[in-house]
Amino acid sequence: MNTTDARSFPPEFLFGAATAAYQIEGAAHEDGRTDSIWDTFSRVPGAVINADNGDTACDHYHRYQDDVALMKDLGLQTYRFSTSWSRVQPDGGPVNATGLDFYSRLVDELLGAGIKPWLTLYHWDLPQALEEKGGWANRDTAQRFRDYALNVHDALGDRVGVWTTLNEPWCSSFLSYTAGVHAPGRQSKRDGLAAGHHLLLGHGLAIEALRERDASLELGITLNLTVAKPVDPESAGDRDAARRIDGQFNRFFLDPIFRGTYPEDLLEDVAGLGLEDHIKDGDLAQISQPIDTLGVNYYHGELLSDQPAEHPLVGEAPTSRPTGSPFPAADGVYNHPQGLPLTAMQWEVQPDGLRELLLRVNTEYAAPAGTSVYVTENGAAYDDVVAPDGRVHDSDRTEFLTSHLGAILDAIDEGVDVKGYFYWSLMDNYEWAWGYEKRFGIVRVDYATQERTVKDSGLAYADIIRARALPQG
């Protein structure tokens, strides 16, 4: 890379990549692991494309040493992974020492390679046995999550310094319990709101318990957030549409965590759907425990109206099982295309939205609380092909990666102290309801042979990490 015309990253900026347990590990029924809600959901007819499941996935459970060596070759400074509740406590019951030992070995391998372990406790794989007791709609699950967090800390707390409670609770509440798009596949506005509150409560309980264990830990949460804008800023209907989505996507989680309250307009929107029945005395104080890190996951923004779009984009898996809207109180709100380039998921490529989002989140929430901001997921699926030379020339993904890193540098230039970036994903993997149809990785996985091939985007990322700078032009 020619660094004479490059934009440099701050000296302490961390470059990483992210994965999730169910999406890569495989070994779904080995060494004591039992079904999670995703094992069960993948068997529901029409829920997942091709009825794909995570039984084998990327076989990372058996190939983790080679995968860590690959991370080291790429120059990754940090690796964000999740632990599987179903592996650590099968059926939500007693601790499974063999399951925990896998993560202990993984952490040792990372540390030996000079890679900082970044642990996420929950990336959507609730033990099915707990779902059968009510899942996240049951308040007791929040307490069980706290206990699970401490059990993982018992095994890894001496070597892992960064702990994330939840990944994208919007997905594991509204997409999962209201829309029915993700496991467990329920379609209930009330259950989604209950799940959202109990996920936040579980977060607060785990933060408090881990903080009591070790005050030196870096503790936080990862939220998927969006930039919600009206199609016509002069239209009251469009402005209200954007407000509703911002409330039910962003502020439902940000405000309780950072301000100890749900937004008044959100409570009015969802009145009569039972949310306030679940908010007990002390809950919001528990949820708003101080956190050290906020992970921001960003893929695209939203352009919203109270009128339907002429040619709407469909960004969800074309499964045969009927699903609904994830928003409990956004009937009559419609997404509109912005005329931007599209990924293979029909998601718009909007890098400046990341700059705008980071500015807002930092100004309104993180900076006043003294919380550090990281971009913990950002990536794109494209229809990759293996070229005759054996390589994957994924120029679209390389452009996606560099343009979003550029947006982070823009935010840093505007005063946001962004501490790091994790590309999603390290490798192609099980993409939830999409099964194995879509590939996000900077490393290609041949699912028949489990062969890994670093794509051109991965090589470009390695160059950026090596130079600690983004090439211009």
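**Rings, strands and cores in a predicted model**

The structure holds 39 aromatic pairs. Rings of Phe, Tyr and Trp (its six-membered ring) pair if their centres lie within 6.5 Å; planes under 30 degrees apart count as stacked, over 60 as edge-to-face and the rest as tilted. This is a predicted model, in which local features need pLDDT of at least 70 and side-chain atom pairs count only at pLDDT 80 or more, while totals for chains, interfaces and linings use all residues. Residues are numbered from 1 along each chain as its sequence is written, and side-chain values use heavy atoms, with hydrogens and water left out.

Take one pair. The ring centres of Phe-174 and Phe-253 are 6.3 Å apart, with planes at 65°, so the pair is edge-to-face. Phe-174 belongs to helix H8 and Phe-253 to helix H10, so the pair ties together parts that are 79 residues apart in sequence. Helices (H or I, at least four residues) and strands (E, at least two) are DSSP runs, numbered from the N terminus. Both Phe-174 and Phe-253 are buried. Buried means under 20% relative accessible area, exposed over 50%, and partly exposed in between (1.4 Å probe, protein chains only).

Phe-252 and Tyr-262 make a tilted pair, 5.1 Å centre to centre with 55° between the planes. Phe-252 sits in H10, and Tyr-262 in the loop between H10 and helix H11 (264–269), so this pair ties together parts 10 residues apart in sequence. Phe-252 counts as buried at 0% relative accessibility. Tyr-262 is buried too, with a relative accessible area of 2%. Elsewhere, one aromatic cluster is formed by Tyr-22, Trp-38, Phe-41, Trp-124, Tyr-430, Trp-432, Tyr-436 and Tyr-447.

Back to H8, which spans residues 169–178. How many of its residues are buried? The count is 10 of 10. Among them are Pro-169, Trp-170, Cys-171 and Tyr-177. What do these buried residues pack against? The partners are strand S4 (116–122), helix H6 (128–131), S5, helix H9 (189–213), S6 and helix H10 (236–259). Contact here means heavy atoms within 4.5 Å. Gly-180 follows H8, and its phi is positive, near 75°.

Cys-171 of H8 raises the matter of disulfides. A disulfide is a pair of cysteine sulfur atoms within 2.5 Å. A search of the whole structure finds zero. Why does Cys-171 form no bond with Cys-58? Cys-58 holds the closest cysteine sulfur to that of Cys-171, but the distance is 19 Å, too far for a bond. Cys-171 counts as buried at 5% relative accessibility, and Cys-58 does so at 0%.

Now the strands. S6 (residues 218–224) is mostly covered, with six of its seven residues buried. Strand S5 (residues 162–167) runs parallel to S6, joined by four bridges. Two strands pair if DSSP finds at least two bridges between them. Thr-164 has Gly-220 of S6 as its bridge partner. S6 also pairs in the parallel sense with strand S8 (residues 293–297), over five bridges. Here Gly-220 is partnered by Thr-293.

An antiparallel case comes later in the chain. Strand S13 (residues 443–446) and strand S14 (residues 451–454) run antiparallel, joined by four bridges. Val-445 stands opposite Arg-452 in S14. The hairpin has four residues between its strands, and Gln-450 takes a positive phi near 65°.

Ser-82 lies in strand S3 (residues 78–82). Is Ser-82 buried or exposed? At 2% relative accessibility, Ser-82 counts as buried. Its side chain reaches the backbone nitrogen of Ala-21 at 2.8 Å. Not counting residues up to four places away in sequence, Ser-82 touches Thr-19, Ala-20, Ala-21, Glu-25, Tyr-103, Thr-120 and His-123.

Last, the cores. A nonpolar core is a set of buried Ala, Val, Leu, Ile, Met, Phe, Trp, Tyr and Cys residues joined through side-chain atoms within 4.5 Å. The largest has 130 residues, of which Trp-38, Trp-163, Leu-358, Leu-426 and Tyr-461 touch the most other members. H10 gives the most to this core, with nine residues. Leu-426 touches residues including Ala-17, Leu-70, Met-71, Tyr-79, Ile-442 and Val-443, not counting those up to four places away in sequence. Apart from the largest core lies another, of 17 residues, among them Leu-14, Trp-347, Trp-424 and Ala-433.

Technical notes. A polar contact is a pair of N or O atoms within 3.5 Å; within protein, one must be able to donate a hydrogen and the other to accept it, and residues adjacent in sequence count only if both atoms are side-chain atoms.
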